[in-house]
Structures are given as C-alpha cells and as structure tokens.
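Reader: I would like a close look at a single part of this assembly, namely its sheet. Please take me through how the strands are arranged and what surrounds them, and keep to what the coordinates support.

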Amino acid sequence: MDDLDRAIVNALQGGFPVTERPYRDAAVQLGIGEDELIEHLRRMLASQVLTRFGPLWQIERIGGAYALAAMKVPAAQLDEVAGKINALAEVAHNYERDHEFNLWFVLATASPDAINTAAARIERETGHRVYLMPKVEEYFVGLEFSA
Amino acid sequence: MNAPREPFFPDSLDLRIVAATQAGLPLTPRPYHAVAECLGVAAEEVMARLRRMLAAGAIRRIGAVPNHYALGYRANGMSVWDVPDERAGELGRRIGALPFVSHCYQRVRHPGVWPYNLFAMLHGKTRDEVEAKVREIAAIVGDADRGHALLYSTRILKKTGLRLKDRDE
C-alpha cells in the first residue's frame with residue numbers, strides 16, 4: 001500500500017456518493033483524478049487489501065437474515081469440512097479460531113427460514129453439529145479501520 | 001447504535017439492484033449507469049432507489065471494505081462474555097461505544113456448551129494490544145462477568161460478503 005492507497009481507505013469506507021460520476025466526485029475530495037482513484041481501487045481489490053467496493057447491505061432490512069454459526073471439528077478434518085461449508089453461497093465468511101469451537105461462519109440468506117435449511121445441509125454434509133448463534137440484539141456495527 | 005426505523009419493503013427491482021451490486025460496484029466512471037444498463041432501467045431510477053435504501057438502513061454504507069489483516073491488524077479476537085441477560089443491554093451499549101470494538105451483539109447461548117451471550121470483536125496490531133482491550137472491557141463488565149473468553153482468528157477460510165441467490169432462480 002502506498003500513501004494514496006491509505007488515504008483512499010481512510011476516506012472511503014463509507015459515504016461514496018450516489019451521483020452520475022461518483023469516482024470523480026470522491027476523487028475531487030481526495031485531490032486526485034478520477035482515473036487515479038479507479039486505478040488504485042482496482043489494484044487494492046486485486047491484491048486483496050480490499051475485500052470489496054460497493055454497497056454494504058443490511059439484509060435483514062430487505063427481508064433476509066443473518067446468523068453466526070459455530071462448529072467443533074477435529075483438526076484433521078478441518079480443511080475438508082471448511083471446504084464443504086465454503087461451497088455454500090449462503091456462507092458469507094468463515095474463520096478458523098483457536099478454541100474448541102474452531103469454525104465460525106456467518107450465514108446470510110434471502111429469508112429467515114433459509115438459515116435453518118443451510119445449517120441442516122451443513123450438518124448432513126459434514127456429519128458435525130452446527131450451533132446457530134443468531135443475535136438477540138445489535139449494539140454496534142461498523143468501526144472504520146485506519147490504514 | 002442503530003435507531004429503530006420504519007419497516008422497509010423492497011420490491012423486485014430493489015432486490016435486483018442488490019443482486020447486481022453485491023459483488024461490488026463496477027469500476028467505471030458511471031457505475032450506477034452500468035448497473036442500470038444491466039437491469040434495463042434508467043440510471044436515475046437505480047440512484048433514487050440506492051438513496052432510499054441508504055435512508056432506510058437497507059444499505060449500511062457504500063464504500064471500501066478493507067481486509068483488516070492487510071491493514072496490519074493481525075490480532076483479531078472475538079471476546080465473548082457471560083453476563084446476566086438483564087444486564088446485556090446496558091453493557092452491550094457501553095462496550096459497543098468503545099472506539100476499538102467493531103461489532104457488539106447479544107447472541108443466544110447454548111447452555112452446557114456455550115455460556116456466552118455478549119460478543120465484542122476486537123482488532124489490534126498485536127495480541128498484547130487486544131488483551132489490554134479485553135481488560136478494559138472487563139473493568140466495565142465488573143461483577144456482571146460470570147466468565148469470558150477470547151477467540152483469536154487463526155485463518156480466514158472465506159470472506160466474500162453476502163451473495164444472495166436471485167429469487168427468480
């Protein structure tokens with residue numbers, strides 16, 4: 001990452017304009033050119049400094065559902081089980097963690113019922129129990145990271 | 001904190017806009033026009049709906065989603081706390097307001113195997129930094145702390161963000 005990449009990440013984790021030429025409008029704020037902004041974003045996406053660039057949806061507001069899920073999987077089977085889980089489009093992210101519950105993933109589905117369907121399918125395909133931990137209450141989401 | 005909002009009922013074009021942008025916005029000078037063209041509607045329509053979904057909270061924000069590992073945040077810990085349910089709201093709001101907590105939720109427990117009901121995600125350059133943050137939270141939780149744990153992520157196995165299937169499929 002160069003200094004301009006850092007400035008872009010710090011300035012553009014939200015508030016990207018909804019206008020005819022949004023990259024140009026955002027670039028003006030950064031004192032750079034439209035092409036330059038697009039090129040830096042393209043490079044950061046390619047090198048995975050950014051996981052994506054665009055709208056961040058709160059799918060519960062559009063009829064969908066999220067749930068955090070955890071599994072206890074023997075270390076020797078972890079990669080195989082993770083592969084089966086990750087193959088589902090409903091799995092938005094999946095982390096290995098240093099705990100007896102060693103697989104933690106988020107299911108994001110177009111309807112609340114589909115959460116249970118996806119969890120049941122993972123249990124069937126992996127032979128391990130899925131512990132769903134849906135939220136009861138959300139207190140805060142959305143820290144911006146400084147680069 | 002998210003204030004309660006009016007219900008929002010997306011129509012099929014809203015959902016097609018979600019499907020068309022969930023992988024990201026096109027990196028072209030007129031990205032909303034490109035989306036509109038794919039959907040066969042006017043760019044003004046796409047922009048009006050995006051603005052409405054932002055106002056309704058269906059879009060949290062539009063912008064860059066960094067990979068925090070790539071930014072040097074190599075120590076990423078999920079701190080989990082077993083607190084009395086009746087204290088979760090007050091504590092969750094105070095913990096969520098800390099400047100280093102990226103997400104804070106109350107979640108369902110699994111009695112006997114998973115006692116923790118309050119989750120706070122912590123990010124630091126080092127594990128020492130994250131552990132200092134856990135101590136800071138422990139001071140807030142005080143005598144409501146019936147047990148806590150810190151689970152570091154050791155590997156990202158997948159991080160694509162949401163990918164809703166098109167409901168027309």
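Author: In this predicted model, nine strands make up an open sheet, and their order across it is 5(A)-2(A)-4(A)-3(A)-5(B)-2(B)-4(B)-3(B)-6(A), with antiparallel pairing. Strand 5 (131-133) and strand 6 (135-141) of chain A occupy the edges, where each has a single partner strand, so one side of each is left without a neighbour in the sheet. On average, and with direction ignored, neighbouring strands of this sheet are turned by 30 degrees against each other.

Against the sheet packs helix 5 (residues 127-141) of chain B, which touches strand 2 (75-81), strand 4 (118-124) and strand 5 (148-159) of chain B. The direction of this helix makes about 20 degrees with that of strand 2 of chain B.

Within the part of the sheet that chain A supplies, strand 2 (residues 65-71) and strand 4 (residues 103-109) of chain A pair in the antiparallel sense over seven bridges. In that pairing, Tyr66(A) has Ala108(A) of strand 4 of chain A as its bridge partner. At the other end of the order, strand 6 of chain A is joined to strand 3 of chain B by five bridges, and the two run antiparallel. Here Phe140(A) stands opposite Cys104(B), a residue of strand 3 of chain B.

A residue worth following in detail is Tyr95(A), which is found in strand 3 (residues 91-97) of chain A. Tyr95(A) has 21 other C-beta atoms within 10 Å and is buried, since the cut-off for that class is 20 or more. When residues up to four places away in sequence are not counted, Tyr95(A) touches Trp104(A) as well as Ser153(B), Arg155(B), Ile156(B) and Leu157(B). His128(A), by contrast, is 33 residues from Tyr95(A) in sequence and 17 Å away in space, taken from C-alpha to C-alpha. As a general point on strand geometry, side chains in a regular strand alternate between the two faces of the sheet.

A further pairing between the chains involves strand 1 (residues 50-57) of chain A and strand 1 (residues 59-66) of chain B, which run antiparallel and are joined by seven bridges. In this pair, the bridge partner of Phe53(A) is Ala64(B). Six of the eight residues of strand 1 of chain A are buried, so this strand is largely enclosed by the rest of the structure.

The loop between helix 3 (34-46) and strand 1 of chain A contains Gln48(A). The phi angle of Gln48(A) is near 65 degrees, a positive value in a residue other than glycine. For context, most residues other than glycine have a negative phi. Gln48(A) counts as partly exposed, with 13 C-beta neighbours inside 10 Å.

The contact between the chains can also be described as a whole, with 69 residues of chain B in contact with 62 residues of chain A. On the side of chain B that touches chain A, the elements giving two or more residues include helix 1 (12-21), helix 2 (31-39), helix 3 (43-56) and strand 1 of chain B. The largest share of that side, nine residues, comes from strand 5 of chain B. By class, the side of chain B that touches chain A has 37 nonpolar, 19 polar and 13 charged residues.

As for the chains behind the sheet, chain B has five helices and five strands, which follow the pattern α-α-α-β-β-α-β-β-α-β along the sequence. Chain B is divided into domain 1 (12-56) and domain 2 (75-152), whose C-alpha centres lie 37 Å apart. Chain A is likewise divided, into domain 1 (3-46) and domain 2 (59-133), and the C-alpha centres of these two lie 34 Å apart. The radius of gyration of chain B is 20 Å, whereas a compact globule of 169 residues would have one near 15 Å. The C-alpha trace of chain B spans about 60 × 35 × 30 Å along its principal axes, and buried residues make up 30% of the 169 residues in this chain. Of the contacts in chain B with a separation of 6 or more, 63% are between residues 24 or more positions apart.

Conventions: Residues numbered from 1 in each chain as written. Chains lettered and ligands numbered in written order. Predicted model: local features only at pLDDT ≥ 70, side-chain atom pairs only at ≥ 80, totals over all residues. Pairing = 2+ DSSP bridges. Helix = DSSP H or I, 4+ residues; strand = E, 2+ residues; numbered from the N terminus. Axes fitted to C-alpha atoms, helices over the stretch in contact; angles between N-to-C directions. Contact = placed C-beta atoms within 7 Å. Buried ≥ 20, exposed ≤ 12 C-beta atoms within 10 Å, placed from the backbone. Domains from an automatic or database assignment. Nonpolar A, V, L, I, M, F, W, Y, C, P; charged D, E, K, R; others polar. Rg over C-alpha atoms; globule rule 2.2 N^0.38 Å.
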